[in-house]
Each structure stands twice: as C-alpha cells, then as structure tokens.
Amino acid sequence: MSASRVWAAAALVALAVVPWLLARHQLSLLTDLLIAGLFAMSLDLIMGYTGMVSFGHAAYFGLGAYASALVLLHWAQPVPVALLAGALLAGVVAVPVGWFSTRATGIYFAMLTLAFAQFLYTVAYKWRDLTGGSDGIAGVPKTLLFWGGPSVAAPRAFYFLVAACVVLSFVLCRAVVGSPFGRALQAIRENERRFTSLGRDPRPFKLGVFVIAAVFAGLAGALFAPFRGFASPEVMFWVFSGQGLMMVIMGGIGTLVGPILGAMLFILIQEILSSYTEHWMIFTGVVFVLIVIFLPGGLVGTARRFGVIR
Amino acid sequence: MANVLEQLLNALALAGLLFLVSAGLSLVFGILRVVNFAHGVFYMLGAYLGFTAVALSGWFWPALIVVPPVVGTVGALLESSTLRFIYRRPPIYQLLLTFGLALILEESIRVLYGPTAKGVDPPALLQGAVNLGGLLYPRYRLFLVVLSCTVAIAVWLFLSRTRAGLVIRAVAQNSEMADCLGADVARVRTLVFGAACALAGLGGVAAAPMTTAYLGMGISVIVEAFVVVVIGGLGSIVGSMAGSLIVGAAQTWGAFYLPETAMVIVYAVMGAVLVFRPWGLFGEEE
C-alpha cells in the first residue's frame, strides 16, 4: 500500500471514529471545520490548480446557504434536495460572473471577482422580502435524509452527512484535478501563453473550473445553513472570502488536502484566541502575514520540503 | 438647468474622492506590480485619524495637513517591513500579504475606535451652502471638487515634469533597467507606496465630514477603486482620472434617475469595457 493510501485510510478511520470520542461542543466544532474545509478546498481548485486568485468566493458559499435555507424552511424538503439546490444556484450564478471575470487575468481577475461578490452581497442585503436583509433567514431546520427516511437533526447524524459530503467532494475534486481537464488547468497555471500558442483557448477551461469551484462552495454553504440554522449576508461578505484564501495558504496551495488542514488550523486558532479576546482577527492576520512571508508552501508545502511527506 | 449643474458637481465631488484613492492604487501597481488590497484601509485610517485630529485640536485644517503624512509613514513602514521581502514571488503572494495587512489594520481600528461611526464637522468656512446662479450647493462638496482637481493636476505635473517623476516613470517602465542606470529602486518603491497611502489618507480626511468615519468604508472604497482602475487601466494616472469620472457620473446619475440600480449601471459600464478592452481604457495590453 502506498503512503498516500495509508494517509487516506487513516483519515477515513479518524473521520468515522473521532465523533464518538468528542463532547457535543467539540463535535460541532469539527462539523464547522469540515464545512470550512470544503469551502477552502473548492477555492484551491481555481487558486492552486489554475493560478487564479478569487477574492469573491464567499458569494457562492452564500448563494448555496440562501438557496438551502429557503428550500428547507419553505418547502421542508429532505436535506439533499437543499444541497442540490444550493450547489446548483451557485453554479448557475457563477456562469455569467465567470464569463466576465475570466476575460481578465491575474490581478484583474481578483478585482473582478471581488467586485461581483460585493454586488451579490449588496443584493442579499437589500432584497429584504426574499433574504430577510441584514437579519438573514433564521430557524432553518435540519430535515430528513430522504423522503420518509431518518432525520439528520442529531449532531452526530448531521456530522456524518457533512463528512460524507466532504469525502465525496474530495474524491470528485481529485478526479477533476487528475483528469485531462485538470491537466489543462495546471498547464494554464504554469504558462498560459504557451498553452495558447499550442492552439488551445484557455477561457473555456477557466470558466469551467470557476463554475465547478462555485458548485462545491455552494454545497459547503448549503450544508452551513441547516447546520447553523441560519443564512445571513455575512457569509457572503469579503471577509469570509478572505478567510478562505487564508485557509488555503495556511494549509498549502495546490494540494486539495492542504486547505482542509488550513481550515482546521484557522478555526482552531480562532477557537483558542476568541476565548481570550474578541479581536482574534488581528492575531490571525499576523499569523497569516508571517506564513505568507516565511512559509509560502503552508503546512503541506513545508512538510514536503522537510521530507515529512512526499 | 440648476438640476443638471447640481448633478454635475455631485459627480465631480464623488469622482474626486475616487481619484484620490484610485490614483495611489494605480501608481503602486505601476511601480511595485502589486495591487494593494490594504489601500482602502489607508483611506479609512485617514478618516479616523482626521476625526482624532479634529477632536484634539478643534480645527479641521491642521488635520487635513497632518494626517496624510502620518498615513503615508504607516504605509511606508509596512512596505519596508513586509512587502519588500516577497517581490520576487508570484503576484498572488503580494496580494494576499496586503490582504493580511488590511485585516490587521481594519481590526486594529475597530479595537481603537469601537463600532460606532465618528462624525467630523467641516470647518466653519465650508459649512452651509453657496449660491451658484440660483442653485444652493453645499460649500464642502465644492471644496472637495477643488481639492481633488488641484491634487490631480499636482500629481500629473509631478510625474510628467519633475526629475523625481521621471525616475518613478522609469522604474514603472522597466525596474531592472532603472536599477542598472543608478536609480535606487527599493527606495522609490517605499516612497511611492508611502505617497500613495498618503493620497488615500488625504481622501479619507476629506471624505470624513461628508460620509463620517465608519468601519467598512475601506472595503467599499477599495471595491469602487478597483472598478475605476479596471475601467481606466491599472498603472495609468490618466486612466484613474477617466475611470473616476465615469464611475462618479454613473453613480450620481444612476442614483438620481434610477435609485437602487446605481451600482448596476457602474457594473454594466465595467462589463462593457472588459468586453472591448480587457486591459482598461488607458492601460497597456499585457
């Protein structure tokens, strides 16, 4: 068995066993962390594998959260229906935004994604009738697993639903990255000009990965809404997009598993610091700046550099 | 007629503030090849320091003069203590670093000043309205128009007519060549970064009597400034002017005729520019 298979097996066992050992609060923290990890991992698809930094990824998380909240609250459908709705809405909105944004490269792309995300945030904030404005949508229920099936309202049940979604998404993202499509993305990241001169148009690939990343971010958001019981404009705010970027960088850009670890690190720092001070963001910011300067590979990149893992 | 004049002046006042922020953003990109995400926070810092200066001294004018250099110094110190070390990395890292700095500064301001907005009184000379051929127009907005036009002309003259401006343009065009010819590139970068932050700080102090100093003003202005430079083209001062005027006009007339959709109009303009000239009206194709 190769080393990476051992790691994968260990991670699966840990995901299955750990929830039975944790107290209620810790279990909720772990669920939170997995949702954030899924969000960060989806961002890594565009950031790490295609070299496009999006400053507006939270918008798709937020769209997923709102769609899921509305489906659960008004139609009381099973959770997977809400998850599909969230992922779908995020993907559909990402098509026009991506079409415009991927016309630009590098810095311009980052600025455009931010501008569109702030626009969507404003819409969520102002469209009171649908979104509840700044109050958001509260009281989102955790419904059934399928029609006539068991409820996922218990913390551990919901945890396993989230864990299953994250594992499935990870496998799918791995498949995307390893496919010819994913290879093309990495070629664009390495040298877009050469890619173009080989007679390929990079834009459909960029748009494609932008939409795929939005779908997974939407799924994360769709899990978030029933988990926390609400959807509010804050989840679409630029600060949250930025936190996603921080998770990716802290864990290791372009590794898929790194962003999940980064989310873990980020949320643990937040959890520990916020019990001492409400201004934990300052310290997180400092840690982030230090990592950007001194450990640009993040956790995974640094571990690789020192030969801990391949 | 009076109505048109009023809208025109409103658009100019808004464009002036946008120019003070976007000019620095564009200048820094030209020299450092870094889009400074923290630029809006320096604008916010200017507004809050302006509040403090006015509260301490009771005067507006000293605040307008003292605050920009202070903001510029903070910027220059941050550049030389963090950004300087990672210029050789891919641009992603510089963008992320300035994002981290933005977060730290924004949260620090929240800690120091608390969550409520801080109002700043305009100086006595600029309070009230002035009669412009039948139109009563707030004096302070007129002052904003004059101030930003003066600064715009000064920046343009400095860059195009002075020796220091020549060196800056040389570094922007080809930093390695400028380095070979004896320009102190590292120093130029720090000074330009500081000067750009000072411009943003000036914008912040000047805006404070009109908008108050509030948390979140940094992000809202940086998003607008991004739109301005996308339209005008990064690295071009003329582009910043044109972009500011377009965004200022679109927002003002949009808010007047079709409220709620002002921002949509701005985005439509940006979308059109991107389709036909993805590198901006005055930018250079990469």
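User: Which residues in helix 4 of chain A meet Phe109(A), Leu112(A), Thr113(A) and Phe116(A) in helix 5 of chain A?

Analyst: This is a predicted model: local features need pLDDT of at least 70, side-chain atom pairs count only at pLDDT 80 or more, and totals for chains, interfaces and linings use all residues. Residues are numbered from 1 along each chain as its sequence is written; chains are lettered from A and ligands numbered from 1 in the order in which they are written. Residues are in contact if their C-beta atoms, placed from the backbone, lie within 7 Å, and helices are DSSP runs (H or I, at least four residues) numbered from the N terminus. On the helix 4 side of chain A, the partners are Val97(A), Phe100(A) and Ser101(A).

User: How do the residues of that contact of helix 4 with helix 5 of chain A divide into nonpolar, polar and charged?

Analyst: Ala, Val, Leu, Ile, Met, Phe, Trp, Tyr, Cys and Pro count as nonpolar, Asp, Glu, Lys and Arg as charged, and the others, Gly among them, as polar. The split is five nonpolar, two polar and no charged.

User: At what angle do helix 4 and helix 5 of chain A pack?

Analyst: Axes are lines fitted to C-alpha atoms over the stretch in contact, and angles run from 0 to 180 degrees between N-to-C directions. Helix 4 covers residues 79-101 and helix 5 residues 106-126, with axes 9 Å apart. The packing angle is about 145°.

User: What span should helix 13 of chain A have?

Analyst: The expected span is 1.5 Å times one less than the number of residues. Helix 13 of chain A runs over residues 280-294, which is 15 residues. Its end C-alpha atoms agree with the expected span, because they too are separated by 21 Å.

User: Which residues of helix 13 of chain A are buried, and what arc do they cover?

Analyst: Buried means 20 or more other C-beta atoms within 10 Å of a residue's own, exposed 12 or fewer, and partly exposed in between, with C-beta atoms placed from the backbone. The buried ones are Met281(A), Thr284(A), Gly285(A), Phe288(A), Val289(A), Ile291(A) and Val292(A). They sit on the same side of helix 13 because their arc, taken from the directions from the helix axis to the C-beta atoms, is only 160°.

User: Which exposed residues does the face turned away from that buried side carry?

Analyst: The buried side of helix 13 has cover that includes helix 11 (238-251), helix 12 (257-274) and helix 14 (298-305) of chain A, together with helix 4 of chain B. The face turned away carries Leu290(A) and Phe294(A).

User: Which helix of chain B gives the most to the side that touches chain A?

Analyst: The contact takes 30 residues from chain B and 29 residues from chain A. On chain B, helix 4 (91-113), helix 9 (217-232) and helix 11 (262-276) each supply at least two residues. With 14 residues, the top contributor is helix 4 of chain B.

User: Is Leu256(A) buried or exposed?

Analyst: Leu256(A) is found in the loop between helix 11 and helix 12 of chain A. Its phi is positive, about 60°, although it is not a glycine. Most residues other than glycine have a negative phi. With 23 C-beta neighbours inside 10 Å, Leu256(A) counts as buried.

User: Which residues does Gly248(B) touch, not counting residues up to four places away in sequence?

Analyst: Gly248(B) is found in helix 10 (residues 237-257) of chain B. It is buried, with 23 other C-beta atoms within 10 Å. It touches Ala11(B), Leu12(B), Leu14(B), Ala15(B) and Leu18(B).

Terms used:
Two residues are in contact if their C-beta atoms, placed from the backbone, lie within 7 Å.
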